[in-house]
Amino acid sequence: MAGMFAYESSEVDWCEDNYKHSENVVEYFNTMSSFVFFVVSPIMLYLFHPYARERNLAVHLVWLLMIFVGLFSMYFHMTLSYVGQMLDEISILWVLAIGYALWFPRRHFPFFVKDRTTFSRMVLAITVVTTLSSFIRPTANAYALNCFALHILYSLGLEMRRYAPLTWAARTRRALRLAQASVGLWVLAISCWISDRFGCSVWQKLNFCYLHGIWHILIVVATAYGSTLVAYLDASYEIPHSLPSLQYWPRDDWALGLPYIALRGTAKTRKGC
């Protein structure tokens, strides 16, 4: 058991030199970059609250779990331990599972699933089995998790094609801009992840081994953008009476910011952010 918690007991190692900046931290920049989870997640919890109150308070679980993803990511990169790796990857798996259970469109449910409660139970059962299976070949877990993104992108493309003709131009432009930003951020993030994993020798020659840390930052922001987009599409179909609209924090007219859903049709949940 002690070996599972021991430093560098994981088979996974990233490009950053070990113990270069601290004798107690294996990968310093990969560890420190995980702090972005603790900055973005609480802000998104706050921004999502009006939508969560109107739709389902379980929405908060996504960003609560993202805080744990950050915590376990820090522990993993600080120690490169087997337990740290598994905690990091399993927490990501459960974030994806909750997202699927909450937001996967009803029209794409399997034919034998009639309601979201049944679908959520099915997702829960699959996630439990997948969690147990992740211990069989831990080095393959990260690749399997990234494959989920391809299905999410495919489903998102189908939803955007359906959404655009149903709404007036200004709302469509905002949703399309958010979709493009979400996909762009994910492409940049996965490019950093792949480059760090498979192009390490090149980056070491350039003395630039920080791509995995950049991946942390980009994937958190991409998750904020992507989750807001799917939540907005969900609100447009499931609670249209709330008149959802896309806005950005801290200023809606800024080119960069964190997106959120403003509900103009429900006074009790209206919040100015």
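How far apart do the end C-alpha atoms of residues 118-136 lie, and how much of the span is helix and how much strand? The legends below take this up, after a word on the model.

This is a predicted model, where local features need pLDDT of at least 70, side-chain atom pairs count only at pLDDT 80 or more, and totals for chains, interfaces and linings use all residues. Residues are numbered from 1 along each chain as its sequence is written, and side-chain values use heavy atoms, with hydrogens and water left out.

**View 1. Confidence across the protein.** The mean pLDDT (the predictor's confidence in each residue, from 0 to 100) is 90 for the protein, with 93% of residues reaching 70 or more. Among its elements, helix H4 (residues 60-79) has the highest mean, 97, and helix H1 (residues 2-5) the lowest, 72. Helices (H or I, at least four residues) and strands (E, at least two) are DSSP runs, numbered from the N terminus.

**View 2. Two annotated spans.** UniProt, in an unreviewed entry, gives "transmembrane region" for several stretches, including 118-136 and 142-163; such annotations may be inferred rather than shown by experiment. The end C-alpha atoms of residues 118-136 lie 28 Å apart, and that span is 84% helix and 0% strand. For residues 142-163 the ends are 32 Å apart, with 100% helix and 0% strand.

**View 3. Helix H7, end to end.** The 23 residues of H7 (residues 141-163) should span 33 Å at 1.5 Å a residue, and the end C-alpha atoms are indeed 33 Å apart. The expected span is 1.5 Å times one less than the number of residues. Among the buried residues of H7 are Asn-141, Leu-145, Glu-159 and Tyr-163. Buried means under 20% relative accessible area, exposed over 50%, and partly exposed in between (1.4 Å probe, protein chains only).

**View 4. A nonpolar surface patch.** Tyr-28, Phe-29, Met-32 and Phe-35 together offer about 320 Å² of accessible area. Patch residues have over 30% relative accessible area and no salt bridge, with nonpolar side chains (Val, Leu, Ile, Met, Phe, Trp, Tyr) joined within 5 Å and like charges within 9 Å. A salt bridge puts a side-chain nitrogen of Lys or Arg within 4 Å of a carboxyl oxygen of Asp or Glu. Phe-35 sits in the loop between helix H2 (28-32) and helix H3 (36-55), and counts as partly exposed because its relative accessibility is 40%.

**View 5. Asp-13 and Tyr-82.** Asp-13, one of the residues that UniProt's unreviewed entry lists under "binding site", is in the loop between H1 and H2. Asp-13 is partly exposed, at 34% relative accessible area. Tyr-82, in helix H5 (residues 82-103), is buried at 19%.

Technical notes
Accessible areas come from the Shrake-Rupley method with a 1.4 Å probe; for residues, only the protein chains shown count as cover.
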